[in-house]
Amino acid sequence: MKWIAALTLLMCITASAQTSPQINLMTEEFPPFGYYDEKGRLVGAGVEIVQGVMVELGYTTNISVVPWSRGIKLLDMEANHALFCMARTPEREDKYEWVGPLISDGVYLYQSVGNTPLVRDVRQAKTLDDIAVTANYPEHSHLQHLGFENLLLTEKPSRNIQMLMRNRIDAIAAGEFALPNLLASEGFEVNQVRKTEVKLFEVDLYVAFSKGTDEQILKDWQMAFERFQKTKEYREIVERYTGM
């Protein structure tokens, strides 16, 4: 009779999975968290962590790569959507449901080598002519809250790199894990920029789900993430992409 009970349990799990709404997973192309490698495969720290979580869940779906602004719009307007890797900030806290944190990153101000004297603190940074930040990224709202009036908003982080290396701006705000890949994608090297002493914040990156996502789905995802986080595979992913 045990096999009957097992079969019944399996049928219940299968039925539950079939009736659960499909989550539309989204990310942006932003190394080292998500990008296409030389073989055209979607890879990266965030992508591979989420894929590991999906294996834990027995869940299969494609991950859509979208511009960040479009991902935010879909998350705000459509049910059953999820976007990663999103910084969990006070401004966003009540707008979404959260699973994670997948990974953490430190955000600093950076300047190019040979540009203006290296800034030492927030007070000095406020005297610079222009600091490039990407709109809708957490460093944008963070610097605004600190009273910065010298922010130059851009649509994507690569634009910040281009302007910094052409000496069109004085500094950029960037995560230390993302910066080397951003520089390489534009043909520059890490030794061409300087990390200032201005650390803006430590950011935790999550999977953000549309508001109102079924509570059981969120619990299942969080539990699956916590299981995966304890695995050797998770540690290898983080080390491979961040060196930590």
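**Close-up views of a predicted model**

**View 1. A cis Pro-Pro step in an early loop.** Pro-32 sits in the loop that runs between β1 (24-27) and β2 (35-36). Like everything else in these legends, this comes from a predicted model. The bond to look at here is the peptide link from Pro-31 to Pro-32, which is cis, with omega near 5 degrees.

**View 2. A cis bond inside a strand.** Here the cis peptide bond joins Gly-100 and Pro-101, and omega is about 5 degrees. Where does Pro-101 sit? Pro-101 is found in strand β6, which covers residues 97-112.

**View 3. The whole chain, for orientation.** Before zooming in again, it helps to have the overall picture. The protein chain has nine helices and 10 strands, and its C-alpha atoms fill a box of roughly 80 × 35 × 25 Å along the principal axes. Of its 244 residues, 47% are buried. Take the contacts between residues at least 6 apart in sequence: 71% of them join residues at least 24 apart.

**View 4. The eight-stranded sheet.** This one is an open sheet of eight strands, and reading across it gives the order β4-β1-β5-β10-β6-β9-β7-β8, with mixed pairing. At the edges are β4 (63-65) and β8 (151-154), each of which pairs on one side only. From one strand to the next, the twist averages 30 degrees. Helix α5 (residues 138-145) packs on the sheet and touches β5, β6, β7 (131-134), β8, β9 (171-175) and β10. The direction of α5 makes about 120 degrees with that of β10.

**View 5. Strand β10 and its two partners.** Zoom in on β10 (residues 193-209), which runs antiparallel to β5 (residues 81-87) and is joined to it by four bridges. In this pairing, look for Ala-87, which stands opposite Leu-205 in β10. How many bridges link β6 and β10? There are 12, and this pairing too is in the antiparallel sense. Two places to find your bearings along β6 and β10: Ser-104 faces Asp-204 of β10, and Tyr-108 stands opposite Lys-199 of β10.

**View 6. Helix α2 crossing helix α8.** Helix α2 (residues 45-57) packs against helix α8 (residues 215-229) at an angle of about 110 degrees, and the two axes are 8 Å apart. Parallel or perpendicular? Angles of 65 to 115 degrees count as roughly perpendicular, so that is the label for α2 and α8. The crossing of α2 past α8 is right-handed. On the α2 side, the residues in the contact are Glu-48, Ile-49, Val-50, Gly-52, Val-53, Met-54, Glu-56 and Leu-57. From α8 come Asp-220, Trp-221, Ala-224, Phe-225, Arg-227 and Phe-228. Sorted by character, the residues of this contact come out as nine nonpolar, one polar and four charged.

**View 7. Helix α6, tucked away.** Why is α6 described as largely enclosed? Seven of the nine residues of α6 (residues 157-165) are buried, so the helix is largely enclosed by the rest of the structure. The buried ones are Pro-157, Ser-158, Asn-160, Ile-161, Met-163, Leu-164 and Met-165. What do they pack against? Their neighbours are β6, β7, β8, β9, α7 (179-185) and β10. Just past the helix, keep an eye on the backbone: α6 is followed by Asn-167, whose phi is positive, near 60 degrees.

**View 8. Asn-80, a loop residue with positive phi.** Asn-80 lies in the loop between α3 (68-77) and β5. Although Asn-80 is not a glycine, its phi is positive, at about 60 degrees. Buried or partly exposed? Asn-80 has 23% relative accessibility. Buried would need a value under 20%, so Asn-80 counts as partly exposed.

**View 9. Asn-136, another positive phi in a loop.** This close-up shows the loop between β7 and α5, where Asn-136 lies. The phi of Asn-136 is near 75 degrees, again a positive value in a residue other than glycine. As for its surroundings, Asn-136 has a relative accessible area of 45%, which makes it partly exposed. The helix that comes after this loop is α5, the one seen packing on the sheet in View 4.

Terms used:
Residues numbered from 1 in each chain as written. Predicted model: local features only at pLDDT ≥ 70, side-chain atom pairs only at ≥ 80, totals over all residues. Heavy atoms only, no water. Axes fitted to C-alpha atoms, helices over the stretch in contact; angles between N-to-C directions. Parallel < 35°, antiparallel > 145°, perpendicular 65-115°, else oblique. Left-handed = near helix turned anticlockwise from the far one by under 90°. Contact = heavy atoms within 4.5 Å. Nonpolar A, V, L, I, M, F, W, Y, C, P; charged D, E, K, R; others polar. Pairing = 2+ DSSP bridges. Buried < 20%, exposed > 50% of the residue type's maximum accessible area, 1.4 Å probe, protein only.
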